[in-house]
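Good morning, and thank you for joining this session. I ask you to look at the sequence and the structure first, and then to follow me through them.

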Amino acid sequence: MDASSEEAGDALSSDQPSSFPSTVIGPQDITKKKHGLPFLSIPPISTHTQTIILLHGRGSNGPRFGPPLVSPQLSCGNTLTQEFPGMKFIFPTAKKRRAMRFNRTPINQWFDVWSVDEPSEKEELQYDGICETSRLLNIIIQEEARVVGLRNVFLGGLSQGCAMGLHVFLNYLPENLSDDSFGGFIGMSGWLPLARPLQENVWSSTDAGDDDDPFAEPLEGSERGGETPQTWQIRAANFARDIADLPPLEMDTALPPFIKTPVFLSHGRHDEKVKMKLGEEARDVLVNLGLDVTWKDYEEGHWYKVPEQLDDIANFIRKRTVDVAKDRNS
């Protein structure tokens, strides 16, 4: 096999390791299709109080990605489904899209991307998939928010699923404007798509004529060029909404829910598919938008580390669950 064939084979292979143990889907796990997206839904063990929507990586699908994530034991001895008995787990499957770099081979992907090493290459390939997928995921989020409230809906994903999730996270506006935040965002081994044009859109006018790194100073409690973090947050939301063909937000409208949503991002230090520097870039952009971001990295490759990483995810959900309950009772 020549080098180009090896590159294509690696790029088109599933993000899920072939050595990872398969998991039998139980009789209560439902695979169905909604709004054009097939997805696996694992219902809660007890009364439905929370929902988590997690997106698989390129070349995988919901039934392959979901069960192995919820099956391993945490350090406490429980699985994620046992630790959060009121949580519904939703694992959508991306439609098959043609990978333009590899002879238009159709694979499950949320959007086409020319190069994960350099996601800024041929970014125009990403637009159609991001737009279509955003609209479908927005509908699923809205439906879950009607049942449990947006503060009890978590969003996230692995690899390209994390990237797609981050874009939806930025472009989403709830039906009920009193829903001012998600439960949280959980990203694993991912990146922020269109990160460079987003940063240029948010900060270029602010830092015009300034040769310094726009991220050199902490944003907390600061202003630059007479602008506040709220201005940048609305610009970021509108950049993402424009890509998704959604109407822009005005400065005097309700703020997008990502602003008040805590974020958990994690990455393997030895990730050869999505370099950790791309995850760090996503972290830095969100931090500089004023978000509360928890970052963790692990001695791991392009997957999640068991049990350490799943423990950290469980701790993040647990803390957020407590915080939401306190807000509700205050």
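I shall speak about the chain as a whole, then its cavities, and then its salt bridges.

Please keep in mind that this is a predicted model. The chain has 330 residues, and 54% of them count as buried. Its secondary structure consists of 9 helices and 10 strands. The accessible surface amounts to about 14,400 Å², and carbon and sulfur atoms account for 48% of that area. As for the contacts in the chain, I consider those between residues at least 6 apart in sequence; 75% of these join residues at least 24 apart.

Let me turn to the interior. Rolling a probe the size of a water molecule over the atoms shows where empty space is left. How many cavities of 30 Å³ or more does the structure hold? There are 3 of them, and I shall describe two.

The largest cavity has a volume of about 50 Å³. Which elements each supply at least two residues of its lining? They are strand β3, residues 50–55, strand β8, residues 184–188, and helix α9, residues 308–329. Helix α9 contributes the largest share, with 3 residues. The lining consists of I52, L54, L69, L80, F89, I186, M188, L310, I313 and I317. By class, these are 10 nonpolar residues, with no polar and no charged ones.

The second largest cavity encloses about 40 Å³. Strand β8 appears here as well, together with strand β9, residues 263–268, and helix α8, residues 276–288; each of these three supplies at least two lining residues. The most comes from β9, which gives 3 residues. Among the residues around this space are C162, G187, M188, W191, H267 and W295. M188 therefore deserves a second look, as a residue that lines the largest cavity and also the second largest. By class, the lining of the second largest cavity divides into 6 nonpolar and 6 polar residues, with no charged ones.

I come now to the charged side chains. A search of the whole structure finds 17 salt bridges. One of them joins R135 and D245, at 3.9 Å from N to O. This pair links distant parts of the chain: R135 belongs to helix α4, residues 127–148, while D245 lies in the loop between α7, residues 229–243, and β9, and the two are 110 residues apart. Are these partners buried or exposed? R135 is partly exposed, with a relative accessible area of 39%, and D245 is exposed, at 52%.

A second pair is R235 and E227, whose closest N and O atoms are 2.5 Å apart. R235 has a relative accessibility of 19% and therefore counts as buried. E227, at 16%, counts as buried too, because the limit for that class is under 20%.

A third pair is R283 and D284, which meet at 3.0 Å, N to O. R283 counts as partly exposed at 22% relative accessibility, and D284 is also partly exposed, at 31%.

Finally, which residues are linked in a network of salt bridges? They are R151, D180, K260 and D327.

To close, I would recall two points. The lining of the largest cavity has no polar and no charged residues. The salt bridge between R235 and E227 joins an arginine that counts as buried to a glutamate that counts as buried. Thank you for your attention.

Conventions:
Residues are numbered from 1 along each chain as its sequence is written. This is a predicted model: local features need pLDDT of at least 70, side-chain atom pairs count only at pLDDT 80 or more; totals for chains, interfaces and linings use all residues. Side-chain values use heavy atoms; hydrogens and water are left out. On a 1 Å grid over the protein atoms alone, a cavity is a set of points where a 1.4 Å probe fits but cannot get out, and a pocket is an open set with protein on both sides within 12 Å along at least five of seven lines; lining residues have an atom within 4 Å of a point. Grid points are joined across faces, edges and corners, and a volume is the space filled by probe spheres set on the points. Helices (H or I, at least four residues) and strands (E, at least two) are DSSP runs, numbered from the N terminus. Ala, Val, Leu, Ile, Met, Phe, Trp, Tyr, Cys and Pro count as nonpolar, Asp, Glu, Lys and Arg as charged, and the others, Gly among them, as polar. Buried means under 20% relative accessible area, exposed over 50%, partly exposed in between (1.4 Å probe, protein chains only). Contact means heavy atoms within 4.5 Å. Accessible areas come from the Shrake-Rupley method with a 1.4 Å probe; for residues, only the protein chains shown count as cover. A salt bridge is a side-chain nitrogen of Lys or Arg within 4 Å of a carboxyl oxygen of Asp or Glu.
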